[in-house]
Amino acid sequence: MRIIHNRFIPFRGYDAINLLGLLFCRKGIVLPNNLIQHERIHTAQMLEMGIAGFYLWYVIEWLIRLPLKGRAYSRISFEREAYAHMDDENYLLHRRHYAWRRYLRATE
């Protein structure tokens, strides 16, 4: 994954964002390995869904989860998979395609 340090992306208050499989981060930010792994998982999700499919599903799922209790972002299946495995450096070596589907169920 290519990491691009810059002054503009992401917006202030955020350290990094994965856009189209490229990881943009603010200048001066040192990204921990587990955050890079989190974003690598998102890149794998993008590759298997197609870029447009990934972003479309992400927004639809976020909108569906907005009225539910808790933060919609943290309930998105893509995010749940990435957070669950961000500390496992070998996860992508044994990850099954579409593994994010296991995280579709709403949680409390």
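Start at Ile76: in this predicted model, and leaving out residues up to four places away in sequence, Ile76 touches Tyr58, Glu61, Trp62 and Arg65. Ile76 also belongs to the largest nonpolar core, a group of 6 residues that it shares with Met46, Phe54, Tyr58, Phe78 and Trp100. There's a second, separate core too, made of 5 residues, with Leu23, Cys25, Leu31 and Ile36 among them. That kind of grouping fits a general pattern: nonpolar side chains in soluble globular proteins tend to be buried together.

Now step along to helix α4, which covers residues 77–85. This helix is mostly covered, with 7 of its 9 residues buried. Phe78, which we just met in the core, is one of the buried ones, but the list also takes in Ser77, Glu79, Arg80, Glu81, Ala82 and His85. What do these buried residues pack against? Their partners are α1, α2, α3 (72–75) and α5 (91–94).

Take α1 next, and look at Thr43, which sits in this helix (residues 33–49). Thr43 counts as buried because its relative accessibility is 17%, and the cut-off for buried is under 20%. Setting aside neighbours within four places in sequence, Thr43 makes contact with Met1, Asn18 and Gly21.

Not every nonpolar side chain is tucked away, though. Val59, Trp62, Leu63 and Leu66 form a nonpolar patch on the surface, together offering about 360 Å² of accessible area. Trp62 is also one of the residues that Ile76 touches. Val59 is part of helix α2 (residues 51–65), and its 44% relative accessibility is why Val59 counts as partly exposed.

Conventions. Residues are numbered from 1 along each chain as its sequence is written. This is a predicted model: local features need pLDDT of at least 70, side-chain atom pairs count only at pLDDT 80 or more; totals for chains, interfaces and linings use all residues. Side-chain values use heavy atoms; hydrogens and water are left out. Patches are made of residues with over 30% relative accessible area and no salt bridge: like charges are joined within 9 Å, nonpolar side chains (Val, Leu, Ile, Met, Phe, Trp, Tyr) within 5 Å. Accessible areas come from the Shrake-Rupley method with a 1.4 Å probe; for residues, only the protein chains shown count as cover. A salt bridge is a side-chain nitrogen of Lys or Arg within 4 Å of a carboxyl oxygen of Asp or Glu. Helices (H or I, at least four residues) and strands (E, at least two) are DSSP runs, numbered from the N terminus. Buried means under 20% relative accessible area, exposed over 50%, partly exposed in between (1.4 Å probe, protein chains only). Contact means heavy atoms within 4.5 Å. A nonpolar core is a set of buried Ala, Val, Leu, Ile, Met, Phe, Trp, Tyr and Cys residues joined through side-chain atoms within 4.5 Å.
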